[in-house]
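Visitor: I'm new to reading protein structures. Could you walk me through this one and explain the labels as we go?

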Amino acid sequence: MPFRNLGLEAEILRAIQQAGYVCPTPVQAAAIPKVRQGHDLIAIAQTGTGKTAAFVWPMLQRLSQAHRQGTPCGIKALILAPTRELAVQIMGNIRAYGRHLPLRVAAIHGGVDEAAQIKALHKGVHMLVATPGRLLDFLGREKLDFQPLEMLVLDEADRMLDMGFLRDIEAIVGTLPKRRQTLMFSATLSKEIESLARRFLYQPKMVQIGKRSNPADTVDQCVYEVPAHLKNALLLELLRQPKFTKVLVFARMKDGADRLTNFLKLAQVKVAKLHSSRSQEQRLQALQDFKDGKAQVLVATDIVARGIDIDGVSHVVNYDFPVNPEDYVHRIGRTGRAAAQGDAISFVPKQDLNLLNILELSIGQRLDRKRLRGFDYHAPIPAPAPGEKPPRRDWRKRTREMEVKKSLPSTGGSRARDKR
Ligand code: AMP
(Lines give C-alpha, C1' and ligand atoms only; values in the text may rest on other atoms or scores of the structure.)
Protein backbone atom coordinates (compact mmCIF):
# COMPACT_ATOMS: atom_id res chain seq x y z
CA MET A 1 0.00 0.00 0.00
CA PRO A 2 1.47 3.43 -0.87
CA PHE A 3 1.47 6.16 1.77
CA ARG A 4 -0.94 8.35 -0.21
CA ASN A 5 -3.71 5.74 0.32
CA LEU A 6 -3.65 6.54 4.05
CA GLY A 7 -5.29 9.89 3.31
CA LEU A 8 -2.71 11.90 5.21
CA GLU A 9 -2.19 15.53 4.31
CA ALA A 10 0.70 16.76 2.17
CA GLU A 11 2.73 18.25 5.07
CA ILE A 12 2.76 14.91 6.90
CA LEU A 13 3.55 12.95 3.71
CA ARG A 14 6.47 15.31 3.10
CA ALA A 15 7.89 14.60 6.57
CA ILE A 16 7.42 10.85 6.00
CA GLN A 17 9.28 11.12 2.72
CA GLN A 18 12.08 13.02 4.47
CA ALA A 19 12.31 10.19 7.02
CA GLY A 20 13.08 7.93 4.06
CA TYR A 21 10.18 5.51 4.49
CA VAL A 22 8.94 3.75 1.38
CA CYS A 23 5.60 2.27 2.46
CA PRO A 24 3.54 1.91 5.65
CA THR A 25 4.40 -0.94 7.99
CA PRO A 26 1.59 -3.48 8.64
CA VAL A 27 0.52 -1.85 11.91
CA GLN A 28 0.38 1.55 10.21
CA ALA A 29 -1.63 0.21 7.26
CA ALA A 30 -4.08 -1.52 9.61
CA ALA A 31 -4.41 1.11 12.35
CA ILE A 32 -4.33 4.48 10.59
CA PRO A 33 -7.59 4.15 8.59
CA LYS A 34 -9.42 3.10 11.78
CA VAL A 35 -7.99 5.99 13.78
CA ARG A 36 -8.83 8.42 10.99
CA GLN A 37 -12.45 7.20 11.06
CA GLY A 38 -12.52 8.26 14.71
CA HIS A 39 -12.70 4.81 16.30
CA ASP A 40 -11.11 3.88 19.60
CA LEU A 41 -8.40 1.35 18.95
CA ILE A 42 -6.48 -1.36 20.69
CA ALA A 43 -3.33 -2.28 18.78
CA ILE A 44 -1.23 -5.27 19.70
CA ALA A 45 2.04 -4.93 17.90
CA GLN A 46 5.57 -5.87 18.77
CA THR A 47 8.07 -3.15 19.42
CA GLY A 48 9.95 -2.01 16.35
CA THR A 49 6.97 -2.34 14.02
CA GLY A 50 6.45 1.40 13.53
CA LYS A 51 3.63 1.72 16.05
CA THR A 52 4.57 5.21 17.24
CA ALA A 53 3.96 6.61 13.77
CA ALA A 54 0.70 4.63 13.65
CA PHE A 55 -0.75 6.96 16.27
CA VAL A 56 1.31 10.10 15.67
CA TRP A 57 0.43 10.55 11.97
CA PRO A 58 -3.39 10.45 12.32
CA MET A 59 -3.12 12.53 15.48
CA LEU A 60 -1.17 15.24 13.65
CA GLN A 61 -3.72 15.09 10.85
CA ARG A 62 -6.68 15.59 13.18
CA LEU A 63 -5.05 18.40 15.16
CA SER A 64 -3.75 20.27 12.14
CA GLN A 65 -7.20 20.22 10.54
CA ALA A 66 -8.71 21.61 13.77
CA HIS A 67 -5.93 24.21 13.94
CA ARG A 68 -6.66 25.33 10.39
CA GLN A 69 -10.30 25.77 11.30
CA GLY A 70 -9.18 28.18 14.03
CA THR A 71 -9.70 26.04 17.14
CA PRO A 72 -7.83 27.77 19.98
CA CYS A 73 -4.63 26.27 21.39
CA GLY A 74 -4.89 23.87 24.32
CA ILE A 75 -3.92 20.31 25.12
CA LYS A 76 -5.81 18.33 22.50
CA ALA A 77 -3.87 15.09 22.76
CA LEU A 78 -2.24 13.31 25.68
CA ILE A 79 0.18 10.40 25.25
CA LEU A 80 1.03 8.40 28.35
CA ALA A 81 4.24 6.37 28.24
CA PRO A 82 5.95 4.26 30.92
CA THR A 83 9.44 5.81 30.99
CA ARG A 84 11.07 9.20 30.56
CA GLU A 85 13.21 7.93 27.71
CA LEU A 86 10.21 6.74 25.79
CA ALA A 87 8.37 10.01 26.47
CA VAL A 88 11.33 12.02 25.13
CA GLN A 89 11.56 9.71 22.12
CA ILE A 90 7.86 10.05 21.28
CA MET A 91 8.15 13.84 21.57
CA GLY A 92 11.10 13.68 19.14
CA ASN A 93 9.02 11.63 16.70
CA ILE A 94 6.12 14.06 16.92
CA ARG A 95 8.48 16.97 16.22
CA ALA A 96 10.02 15.16 13.24
CA TYR A 97 6.73 14.06 11.68
CA GLY A 98 5.06 17.40 12.46
CA ARG A 99 7.97 19.57 11.28
CA HIS A 100 5.84 21.22 8.55
CA LEU A 101 2.85 21.83 10.82
CA PRO A 102 2.28 24.70 13.26
CA LEU A 103 1.62 22.35 16.21
CA ARG A 104 3.47 22.37 19.53
CA VAL A 105 4.38 19.42 21.74
CA ALA A 106 5.86 19.15 25.23
CA ALA A 107 6.92 16.32 27.48
CA ILE A 108 6.40 15.99 31.22
CA HIS A 109 8.43 13.39 33.07
CA GLY A 110 10.37 12.96 36.28
CA GLY A 111 14.13 13.12 36.72
CA VAL A 112 14.54 16.69 35.53
CA ASP A 113 13.77 20.11 36.92
CA GLU A 114 10.11 20.89 36.33
CA ALA A 115 10.63 24.61 35.62
CA ALA A 116 11.34 24.08 31.91
CA GLN A 117 8.30 21.83 31.62
CA ILE A 118 6.04 24.44 33.26
CA LYS A 119 7.46 27.11 30.95
CA ALA A 120 6.68 24.97 27.90
CA LEU A 121 3.12 24.47 29.14
CA HIS A 122 2.66 28.22 29.65
CA LYS A 123 3.62 28.84 26.04
CA GLY A 124 0.70 26.65 25.04
CA VAL A 125 0.91 23.14 23.59
CA HIS A 126 -1.35 21.00 21.44
CA MET A 127 0.14 17.63 22.38
CA LEU A 128 1.53 16.46 25.66
CA VAL A 129 3.63 13.35 26.19
CA ALA A 130 3.92 12.31 29.83
CA THR A 131 4.90 9.64 32.28
CA PRO A 132 2.09 8.97 34.79
CA GLY A 133 3.90 9.97 38.02
CA ARG A 134 4.96 13.52 37.12
CA LEU A 135 1.70 14.14 35.27
CA LEU A 136 -0.32 13.23 38.33
CA ASP A 137 1.86 15.55 40.38
CA PHE A 138 1.13 18.43 37.96
CA LEU A 139 -2.57 17.59 37.97
CA GLY A 140 -2.62 17.70 41.79
CA ARG A 141 -1.25 21.25 41.62
CA GLU A 142 -3.76 22.26 38.96
CA LYS A 143 -1.10 23.03 36.40
CA LEU A 144 -2.97 21.36 33.57
CA ASP A 145 -6.24 21.94 31.81
CA PHE A 146 -7.54 18.91 29.96
CA GLN A 147 -10.91 20.42 29.02
CA PRO A 148 -9.93 20.79 25.32
CA LEU A 149 -8.60 17.19 25.14
CA GLU A 150 -9.80 15.10 22.19
CA MET A 151 -7.34 12.19 22.03
CA LEU A 152 -5.67 9.93 24.57
CA VAL A 153 -2.95 7.40 23.75
CA LEU A 154 -1.78 4.76 26.21
CA ASP A 155 1.53 3.61 24.77
CA GLU A 156 3.29 0.45 26.00
CA ALA A 157 0.20 -0.14 28.13
CA ASP A 158 1.40 -3.58 29.23
CA ARG A 159 4.61 -2.07 30.55
CA MET A 160 2.77 0.66 32.42
CA LEU A 161 0.75 -2.04 34.17
CA ASP A 162 3.90 -4.05 34.92
CA MET A 163 5.41 -0.95 36.47
CA GLY A 164 2.43 -0.51 38.78
CA PHE A 165 0.94 2.57 37.10
CA LEU A 166 -2.65 1.28 37.08
CA ARG A 167 -3.83 3.56 39.92
CA ASP A 168 -2.08 6.58 38.39
CA ILE A 169 -3.64 5.88 34.99
CA GLU A 170 -7.09 5.54 36.58
CA ALA A 171 -6.63 8.86 38.38
CA ILE A 172 -5.43 10.63 35.22
CA VAL A 173 -8.15 9.24 32.94
CA GLY A 174 -10.71 10.27 35.58
CA THR A 175 -9.81 13.93 34.94
CA LEU A 176 -10.17 13.74 31.14
CA PRO A 177 -13.29 14.57 29.14
CA LYS A 178 -15.45 11.48 28.55
CA ARG A 179 -15.92 12.33 24.88
CA ARG A 180 -12.55 11.58 23.39
CA GLN A 181 -10.82 9.12 21.10
CA THR A 182 -8.66 6.62 22.99
CA LEU A 183 -5.92 4.49 21.47
CA MET A 184 -4.10 1.81 23.36
CA PHE A 185 -0.85 0.23 22.18
CA SER A 186 0.66 -2.82 23.79
CA ALA A 187 3.25 -5.39 22.76
CA THR A 188 1.30 -8.15 24.43
CA LEU A 189 -2.36 -8.89 25.04
CA SER A 190 -3.12 -10.08 28.54
CA LYS A 191 -6.31 -10.27 30.61
CA GLU A 192 -5.23 -7.07 32.38
CA ILE A 193 -4.85 -5.25 29.06
CA GLU A 194 -8.25 -6.49 27.91
CA SER A 195 -9.78 -5.26 31.16
CA LEU A 196 -8.08 -1.86 30.79
CA ALA A 197 -9.48 -1.61 27.26
CA ARG A 198 -13.00 -2.47 28.49
CA ARG A 199 -12.83 0.31 31.06
CA PHE A 200 -11.23 3.13 29.10
CA LEU A 201 -12.07 2.50 25.44
CA TYR A 202 -15.44 2.82 23.73
CA GLN A 203 -16.32 0.03 21.29
CA PRO A 204 -12.69 -0.25 20.22
CA LYS A 205 -11.52 -1.69 16.93
CA MET A 206 -8.69 -4.12 17.25
CA VAL A 207 -5.49 -4.50 15.29
CA GLN A 208 -3.17 -7.38 16.03
CA ILE A 209 0.07 -7.71 14.14
CA GLY A 210 1.89 -11.02 14.48
CA LYS A 211 1.11 -13.71 17.00
CA ARG A 212 0.62 -13.03 20.66
CA SER A 213 3.89 -12.40 22.49
CA ASN A 214 5.96 -13.50 19.53
CA PRO A 215 9.25 -11.77 18.90
CA ALA A 216 9.73 -9.88 15.66
CA ASP A 217 10.31 -12.22 12.72
CA THR A 218 13.32 -10.22 11.62
CA VAL A 219 15.38 -11.27 14.65
CA ASP A 220 17.63 -14.34 14.60
CA GLN A 221 17.60 -15.83 18.05
CA CYS A 222 19.97 -18.22 19.75
CA VAL A 223 21.18 -19.17 23.20
CA TYR A 224 24.69 -19.86 24.42
CA GLU A 225 25.03 -22.53 27.06
CA VAL A 226 27.62 -20.87 29.24
CA PRO A 227 28.45 -21.25 32.93
CA ALA A 228 27.82 -18.09 34.95
CA HIS A 229 31.50 -17.51 35.70
CA LEU A 230 32.36 -17.39 31.97
CA LYS A 231 29.66 -14.94 30.86
CA ASN A 232 32.03 -11.95 30.93
CA ALA A 233 34.68 -13.78 28.94
CA LEU A 234 32.16 -15.02 26.38
CA LEU A 235 30.76 -11.52 25.94
CA LEU A 236 34.23 -10.16 25.33
CA GLU A 237 34.92 -12.94 22.83
CA LEU A 238 31.73 -12.08 20.90
CA LEU A 239 32.40 -8.34 21.00
CA ARG A 240 35.71 -8.95 19.23
CA GLN A 241 33.83 -10.19 16.16
CA PRO A 242 33.53 -7.40 13.57
CA LYS A 243 29.75 -7.76 13.06
CA PHE A 244 29.07 -6.85 16.70
CA THR A 245 28.96 -3.14 15.91
CA LYS A 246 26.11 -1.83 18.07
CA VAL A 247 25.37 -4.16 20.94
CA LEU A 248 22.66 -3.71 23.53
CA VAL A 249 23.40 -5.85 26.58
CA PHE A 250 20.72 -6.52 29.17
CA ALA A 251 21.51 -7.07 32.83
CA ARG A 252 18.84 -8.01 35.36
CA MET A 253 19.90 -5.68 38.19
CA LYS A 254 21.49 -2.25 38.43
CA ASP A 255 24.48 -3.58 40.42
CA GLY A 256 25.08 -6.23 37.79
CA ALA A 257 24.92 -3.57 35.06
CA ASP A 258 27.49 -1.49 36.97
CA ARG A 259 29.85 -4.43 37.45
CA LEU A 260 29.59 -5.50 33.83
CA THR A 261 30.20 -1.93 32.60
CA ASN A 262 33.33 -1.67 34.76
CA PHE A 263 34.58 -5.01 33.45
CA LEU A 264 34.07 -3.93 29.83
CA LYS A 265 35.78 -0.59 30.45
CA LEU A 266 38.81 -2.38 31.88
CA ALA A 267 38.83 -4.55 28.75
CA GLN A 268 39.00 -1.34 26.64
CA VAL A 269 35.47 -1.74 25.24
CA LYS A 270 33.65 1.54 24.57
CA VAL A 271 30.60 1.16 26.77
CA ALA A 272 27.69 3.26 28.09
CA LYS A 273 25.15 2.27 30.71
CA LEU A 274 21.47 2.94 31.26
CA HIS A 275 19.59 2.21 34.46
CA SER A 276 17.16 3.91 36.76
CA SER A 277 19.73 5.11 39.34
CA ARG A 278 21.39 7.31 36.75
CA SER A 279 20.29 10.91 36.38
CA GLN A 280 18.14 11.89 33.42
CA GLU A 281 21.11 13.73 31.92
CA GLN A 282 23.38 10.68 32.26
CA ARG A 283 20.74 8.43 30.71
CA LEU A 284 20.21 10.69 27.71
CA GLN A 285 23.98 11.03 27.29
CA ALA A 286 24.40 7.23 27.38
CA LEU A 287 21.68 6.82 24.75
CA GLN A 288 23.20 9.53 22.57
CA ASP A 289 26.71 7.99 22.79
CA PHE A 290 25.28 4.64 21.77
CA LYS A 291 23.19 6.14 18.96
CA ASP A 292 26.19 8.12 17.64
CA GLY A 293 28.43 5.04 17.72
CA LYS A 294 30.73 6.53 20.40
CA ALA A 295 29.91 3.47 22.50
CA GLN A 296 29.93 0.01 20.91
CA VAL A 297 27.98 -1.40 23.84
CA LEU A 298 25.06 -0.12 25.88
CA VAL A 299 24.48 -2.03 29.11
CA ALA A 300 20.88 -1.58 30.26
CA THR A 301 18.29 -2.90 32.67
CA ASP A 302 14.78 -3.77 31.48
CA ILE A 303 12.68 -0.93 32.75
CA VAL A 304 14.55 2.00 31.29
CA ALA A 305 15.26 0.28 27.98
CA ARG A 306 11.61 -0.54 27.31
CA GLY A 307 10.38 0.97 24.07
CA ILE A 308 13.64 2.74 23.33
CA ASP A 309 14.17 3.15 19.61
CA ILE A 310 17.75 3.04 18.37
CA ASP A 311 18.50 2.51 14.72
CA GLY A 312 20.82 -0.25 13.64
CA VAL A 313 21.25 -2.25 16.85
CA SER A 314 23.25 -5.19 15.46
CA HIS A 315 22.88 -7.47 18.47
CA VAL A 316 20.86 -7.73 21.64
CA VAL A 317 22.63 -9.82 24.26
CA ASN A 318 20.69 -11.14 27.22
CA TYR A 319 23.67 -11.28 29.55
CA ASP A 320 21.21 -12.13 32.32
CA PHE A 321 18.34 -14.26 31.11
CA PRO A 322 15.01 -12.40 31.47
CA VAL A 323 12.77 -13.62 34.26
CA ASN A 324 9.56 -13.39 32.24
CA PRO A 325 8.81 -13.96 28.55
CA GLU A 326 7.35 -10.46 28.05
CA ASP A 327 10.68 -8.91 28.97
CA TYR A 328 12.38 -11.21 26.47
CA VAL A 329 10.04 -10.03 23.70
CA HIS A 330 10.67 -6.40 24.57
CA ARG A 331 14.42 -6.83 24.85
CA ILE A 332 14.93 -8.53 21.52
CA GLY A 333 12.55 -6.10 19.85
CA ARG A 334 15.34 -3.49 20.22
CA THR A 335 17.04 -5.10 17.22
CA GLY A 336 15.62 -6.12 13.83
CA ARG A 337 13.46 -2.99 13.91
CA ALA A 338 11.38 -1.88 10.94
CA ALA A 339 12.27 -4.90 8.79
CA ALA A 340 16.05 -4.66 9.36
CA GLN A 341 17.76 -7.92 10.33
CA GLY A 342 19.02 -8.33 13.89
CA ASP A 343 20.48 -10.94 16.20
CA ALA A 344 19.42 -11.76 19.74
CA ILE A 345 21.75 -13.86 21.87
CA SER A 346 20.91 -15.15 25.32
CA PHE A 347 23.41 -16.45 27.84
CA VAL A 348 21.95 -19.40 29.70
CA PRO A 349 23.87 -20.79 32.66
CA LYS A 350 22.53 -24.08 34.02
CA GLN A 351 20.57 -22.38 36.80
CA ASP A 352 18.51 -20.49 34.18
CA LEU A 353 17.56 -23.48 32.04
CA ASN A 354 14.06 -23.57 33.56
CA LEU A 355 13.53 -19.92 32.54
CA LEU A 356 14.54 -20.87 29.01
CA ASN A 357 11.99 -23.71 29.00
CA ILE A 358 9.22 -21.38 30.14
CA LEU A 359 10.15 -18.86 27.46
CA GLU A 360 10.16 -21.47 24.69
CA LEU A 361 6.74 -22.70 25.77
CA SER A 362 5.45 -19.14 25.80
CA ILE A 363 6.72 -18.15 22.34
CA GLY A 364 6.09 -21.61 20.90
CA GLN A 365 9.57 -21.81 19.45
CA ARG A 366 12.73 -23.70 20.33
CA LEU A 367 15.77 -21.44 20.24
CA ASP A 368 19.02 -22.54 18.60
CA ARG A 369 21.59 -23.79 21.12
CA LYS A 370 25.16 -22.68 20.53
CA ARG A 371 28.34 -23.65 22.31
CA LEU A 372 31.68 -21.96 21.98
CA ARG A 373 34.60 -24.22 22.85
CA GLY A 374 36.13 -23.23 26.11
CA PHE A 375 32.99 -21.33 27.17
CA ASP A 376 30.46 -24.16 27.50
CA TYR A 377 29.17 -25.99 30.57
CA HIS A 378 32.09 -28.41 30.44
CA ALA A 379 34.79 -25.76 30.23
CA PRO A 380 37.43 -26.48 32.87
CA ILE A 381 38.17 -23.71 35.31
CA PRO A 382 41.67 -22.73 34.16
CA ALA A 383 44.51 -23.28 36.62
CA PRO A 384 46.31 -20.04 37.46
CA ALA A 385 49.53 -19.49 35.50
CA PRO A 386 52.74 -19.44 37.56
CA GLY A 387 52.87 -16.21 39.51
CA GLU A 388 49.26 -15.36 38.64
CA LYS A 389 46.72 -14.83 41.40
CA PRO A 390 44.22 -17.71 41.73
CA PRO A 391 40.74 -16.88 40.39
CA ARG A 392 38.33 -15.28 42.85
CA ARG A 393 36.31 -17.87 44.62
CA ASP A 394 32.64 -18.21 43.93
CA TRP A 395 30.83 -15.64 46.12
CA ARG A 396 28.05 -18.09 46.99
CA LYS A 397 30.58 -20.58 48.29
CA ARG A 398 32.34 -17.82 50.21
CA THR A 399 29.07 -16.61 51.74
CA ARG A 400 28.17 -20.16 52.74
CA GLU A 401 31.58 -20.58 54.36
CA MET A 402 31.18 -17.32 56.22
CA GLU A 403 27.72 -18.33 57.43
CA VAL A 404 29.09 -21.64 58.72
CA LYS A 405 31.93 -19.80 60.44
CA LYS A 406 29.48 -17.37 62.08
CA SER A 407 27.30 -20.20 63.31
CA LEU A 408 30.22 -21.77 65.17
CA PRO A 409 30.65 -20.88 68.86
CA SER A 410 33.08 -18.01 69.31
CA THR A 411 35.88 -20.33 70.41
CA GLY A 412 35.09 -22.69 67.56
CA GLY A 413 37.64 -21.21 65.23
CA SER A 414 40.59 -21.72 67.56
CA ARG A 415 39.26 -25.13 68.61
CA ALA A 416 39.10 -26.16 65.00
CA ARG A 417 42.64 -24.91 64.53
CA ASP A 418 43.80 -26.76 67.65
CA LYS A 419 42.41 -29.98 66.23
CA ARG A 420 44.43 -29.51 63.05
P1 AMP B 1 8.43 1.99 16.71
O2 AMP B 1 7.83 0.61 16.63
O3 AMP B 1 7.43 3.07 16.70
O4 AMP B 1 9.38 2.11 17.89
O5 AMP B 1 9.30 2.22 15.36
C6 AMP B 1 10.45 1.50 15.05
C7 AMP B 1 11.26 2.12 13.94
O8 AMP B 1 10.57 2.05 12.70
C9 AMP B 1 11.61 3.57 14.13
O10 AMP B 1 13.01 3.68 13.94
C11 AMP B 1 10.89 4.31 13.02
O12 AMP B 1 11.64 5.40 12.59
C13 AMP B 1 10.78 3.26 11.94
N14 AMP B 1 9.62 3.38 11.05
C15 AMP B 1 8.38 3.83 11.34
N16 AMP B 1 7.58 3.75 10.27
C17 AMP B 1 8.33 3.25 9.25
C18 AMP B 1 8.07 2.91 7.88
N19 AMP B 1 6.86 3.08 7.35
N20 AMP B 1 9.08 2.41 7.14
C21 AMP B 1 10.29 2.20 7.68
N22 AMP B 1 10.62 2.51 8.97
C23 AMP B 1 9.64 3.00 9.75
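Guide: Sure! One term to start with: two residues are in contact when they have heavy atoms within 4.5 Å. And keep in mind that this is a predicted model.

Visitor: Which residues of α2 and α3 meet, going by that cut-off?

Guide: On the α2 side you'll find V27, Q28, A31, I32, V35 and R36, and they meet K51, A53, A54, W57, P58 and Q61 of α3. Sorted by class, that contact has eight nonpolar, two polar and two charged residues.

Visitor: What makes α2 roughly parallel to α3?

Guide: Look at the angle. The axes of α2 (residues 26-36) and α3 (residues 51-68) cross at roughly 30 degrees, and they come within 9 Å. Angles under 35 degrees count as roughly parallel, so α2 is roughly parallel to α3. The crossing of α2 and α3 is right-handed, by the way.

Visitor: Let's stay with α3. Why is T52 called buried or exposed?

Guide: T52 sits in helix α3. Its relative accessibility is 14%, and buried means under 20%, so T52 counts as buried. Leaving out residues up to four places away in sequence, T52 touches I90 and N93.

Visitor: Which residues touch the most other members of the largest nonpolar core?

Guide: That core has 41 residues, and the ones touching the most other members are F55, W57, M59, L60, I94, M127 and V129. Helix α3 supplies the largest share of this core, with eight residues. There's also a second, separate core of 35 residues, with I42, V125, I172 and L176 among its members.

Visitor: Why would nonpolar side chains be buried together?

Guide: I can only give you the general trend: in soluble globular proteins, nonpolar side chains tend to be buried together.

Visitor: What does W57 touch?

Guide: Not counting residues up to four places away in sequence, W57 touches F3, L8, I12, I16, Y21, Q28, I32 and Y97.

Visitor: How do you know that helix α14 is mostly covered?

Guide: Count its residues. Helix α14 (residues 325-332) has eight, and seven of them are buried. The buried ones are P325, D327, Y328, V329, H330, R331 and I332.

Visitor: And what makes R252 partly exposed?

Guide: The relative accessible area of R252 is 32%. Buried means under 20% and exposed over 50%, with partly exposed in between, so R252 is partly exposed. You'll find R252 in the loop between β9 (247-250) and α11 (254-266).

Visitor: How many residues apart in sequence are R252 and T301?

Guide: They are 49 residues apart in sequence, yet 5.8 Å apart in space, C-alpha to C-alpha. T301 is one of the residues that R252 touches; D320, F321, V323, D352 and L355 are others, not counting residues up to four places away in sequence.

Visitor: What is the phi of Q203?

Guide: Near 40 degrees, a positive value in a residue other than glycine. To put that in context, most residues other than glycine have a negative phi. Q203 lies in the loop between α9 (191-200) and β7 (205-208).

Visitor: Where does Q268 lie?

Guide: In the loop between α11 and β10 (271-274). Q268 isn't a glycine, but its phi is positive, about 70 degrees.

Visitor: Why are Q203 and Q268 called exposed?

Guide: Exposed means over 50% relative accessible area. Q203 has 59%, so Q203 is exposed. Q268 has 70%, so Q268 counts as exposed too.

Note on methods. Residues are numbered from 1 along each chain as its sequence is written. This is a predicted model: local features need pLDDT of at least 70, side-chain atom pairs count only at pLDDT 80 or more; totals for chains, interfaces and linings use all residues. Side-chain values use heavy atoms; hydrogens and water are left out. Axes are lines fitted to C-alpha atoms, for helices over the stretch in contact, and angles run from 0 to 180 degrees between N-to-C directions. Helices (H or I, at least four residues) and strands (E, at least two) are DSSP runs, numbered from the N terminus. Angles under 35 degrees count as roughly parallel, over 145 as roughly antiparallel, 65 to 115 as roughly perpendicular and the rest as oblique. A crossing is left-handed if the near helix is turned anticlockwise from the far one by less than a right angle, and right-handed if clockwise. Ala, Val, Leu, Ile, Met, Phe, Trp, Tyr, Cys and Pro count as nonpolar, Asp, Glu, Lys and Arg as charged, and the others, Gly among them, as polar. A nonpolar core is a set of buried Ala, Val, Leu, Ile, Met, Phe, Trp, Tyr and Cys residues joined through side-chain atoms within 4.5 Å. Buried means under 20% relative accessible area, exposed over 50%, partly exposed in between (1.4 Å probe, protein chains only).
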